[in-house]
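Colleague: Please take one part of this chain and go through it closely. Some background on the whole chain would help as well.

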Amino acid sequence: MVVSLRSWLANEGGKHFVLMLWLGANTWLFLKTFLLYFTGQQYHYLYKMLGLGLCISRASASVLNLNCSLVLLPMCRSLLTFVRGTHTVSSRETRRLLDKSKTFHVACGVSICIFSVVHVSAHLVNVVNFSGRYSEDFPALNLARYKGEDPKLIILTTISGLTGVLLVLILFLMFTSSSYCVRLSNYEIFWYTHNLFIVFYIILMVHMVGGALKYQTNIEAHPPGCLRANQSSTEQQGEELEQGEDEERRCGEEAHFLPHYPQTWLWVSGPLCLYCAERFYRYIRSSDPVTIVTVIRHPCDVIELRMLKKNFKARPGQCPTENKETFGIHLRVVGDWTERFTQLLLPEPRMDMEILPMVQQRRYPKLYIDGPFGSPSEEVFNYDVSVCVAGGIGVTPFACVLHALLDGWTGFRLQRLYFVWVCRELQSFYWFAELLCALHHKLWQENRPDYFNLKLYVSQTDNMQSMSEEKYRPLTSRLQVGRPRWKLLFDEIGKTNKHKRVGVFCCGPKGISRTLHKLCNSSRSSGTTFEFNKESFS
Amino acid sequence: MGKIEWAMWANEQALASGLILLTGGIVGVAGQFRGWQFAAYAIVAGVFVCLLEYPRSKRAKGTSVERTGQYCFTVCVKSFGPLTRNYYVRGSLHAAICVPGGFMLSTVLGCVCLGISSIIYFVAAIRGEHWEPILPRKEISREVQDTVKNPPQNPPPRPPPETRRKRVDDLEEAAYDNPIPVSE
């Protein structure tokens, strides 16, 4: 598939622009700080003692400051939902960038790890130099107490060293538990270790308090490199020195040194307060338990939960709402949490039930819900033509879309919706069979049959069953066995919608989303641009 | 906290610690710092830990995600049998390996990280986990379905030869009813 420039720009342009900006900011900050310590007059003596290790460690520290402040911002999900929802950012392109907030957070996190490695290595070299090149001339500059002090002792007895060790350990724990494998299998490990971030930030703000690195305050009176009272100009031995010049090069006074004020709090406190406020707001919002209205068990290990919550407001495309107050979720029972949850909601029928079982008070667990948060699927209504591709349980974000259309399809910009749902087994289609048929019938009644194009695929070709119910005829007549052929499908959609921008929304396994992404970036003879939007679970 | 598999997290940590130990060892040897012999040891220890921890274990429940190209490592690690299966052994091994790293500045970090992962391996071992190799599933060879099933051994039931013989003179009488009804 040939990549077309226009499609690529539409899909990837914004992301790569932000990436370039971020890389540029990091590079500029690194170089600026490096040159400051390399050439700055106030660091002349310190540089002579420590060498390049000083410049590299300070430069990487400033990059770390930037990234530690940026890493929190994409995780303020309520704020991002607000920005996305109120259309404060009116361009759809910019709103699509909000979809990539988690990727940006990961990028900042990875750069924090890399630059921490650089920073720690450079400071280890610094500590060795502090110990080995202990300065008798400028005792205020030293971190070591005497020449040749064991560097490990220096690290453990200064605030900077000790806090640095703790920071690295916390970062190590957070980093190793956030790999894809651990998140997939044991999400709690990831969640609880990642919440150590607050300890990380508190220690980070204290990290510079010890004042290990000092700068010279009196550069005019004592130009660095000037001759001191007990020195003679031994450097230029071959040349003759005028008496006057010798006098000028004498120092006016002794060099004075002061440590830097900790600067990290300037960078970090804003985003940290914002994020803490956001978490507090989410906690308050979710402190009201929901009332569970119905629990329905569907085939293929899915349960549907309908709930009621006070003051619950969801925009179209965020949550399936029947009337304005009840909303529902579908969840697939895969791991231990969902299994335990299902056991609490639907107790197993006891074997010793009498013929007339006593009506037992159903004791549901107390359930707290956080949200709703914005998602890429909200944009379905802002295109003229949209394609929704769902794989298995990935259909749940689109259930909201279907509910919203069922409520009133005339109010949106959307003129046509292609709905492709691929499942492994036929029974899975029962999860939303009623909803799909209801929408289909409604649109036929209101004389817009071309609005909703449904295509269902069953990928497992053996053990064929069939949906025998008469009321599900619209589904059985649109059902095909075997995997969909995406290129042909896109060609067909392209031909019917020439020179338009079509929004493609995908929620499903990686294989499908990769194929669709490549197809959206490839060139089209029909002149249609496909904009790819992905919704992911973890 | 549900059924958490601690070994998976310990594995990620041990692999990262092995890399940190290796890096610290390389820096120590390259800079020829004091105590560089410990750094040389750290290089060897780091490589060994990385090789041991590269193959992921199979999960007790759910799908296991392999690391790229881990099959040959799986075979090597599997061949040590109970030494590598048991997590008590692994935890003690890591605890023992990490100790010499604490004597040199550049390898201290690797030592501490490996120590943490050995603690988590002990937690995993107490909870009864063990290492299972991820082996490729043998393809269940579907036997080629015989297109021709066993041909019938017996001839179909027929009336005695006298009735069967074609009696050209009397065709009406020659017709007979099949004893077994022939369905459409």
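Modeller: This is a predicted model. Chain A exposes about 28,500 Å², and carbon and sulfur atoms supply 59% of that area. Of its 538 residues, 47% count as buried, where buried means under 20% relative accessible area.

On overall form, the radius of gyration of chain A is 32 Å, whereas a compact globule of 538 residues would have one near 24 Å. The C-alpha trace spans about 110 × 65 × 45 Å along its principal axes. As for charge, chain A carries 58 positive and 46 negative charges, and their mean positions lie 10 Å apart.

The secondary structure of chain A consists of 19 helices and eleven strands. Among contacts between residues at least 6 apart in sequence, 75% join residues at least 24 apart.

The part to look at closely is strand β11 of chain A, residues 529–534. This strand is mostly covered, with five of its six residues buried. In a regular strand, side chains alternate between the two faces of the sheet.

The partner of β11(A) is strand β10 of chain A, which covers residues 501–507. The two strands run in the parallel sense and are joined over six bridges. One position in this pairing can be named: Cys506(A) stands opposite Lys534(A), a residue of β11(A).

To put the part together, β11(A) is a strand with five of six residues buried, paired in the parallel sense with β10 of chain A.

Conventions. Residues numbered from 1 in each chain as written. Chains lettered and ligands numbered in written order. Predicted model: local features only at pLDDT ≥ 70, side-chain atom pairs only at ≥ 80, totals over all residues. Heavy atoms only, no water. Helix = DSSP H or I, 4+ residues; strand = E, 2+ residues; numbered from the N terminus. Rg over C-alpha atoms; globule rule 2.2 N^0.38 Å. Buried < 20%, exposed > 50% of the residue type's maximum accessible area, 1.4 Å probe, protein only. Contact = heavy atoms within 4.5 Å. Areas by Shrake-Rupley, 256 points an atom, 1.4 Å probe, with all protein chains shown as cover. Lys, Arg positive; Asp, Glu negative; His and termini not counted. Charge placed at Lys NZ, Arg CZ, Asp CG, Glu CD. Pairing = 2+ DSSP bridges.
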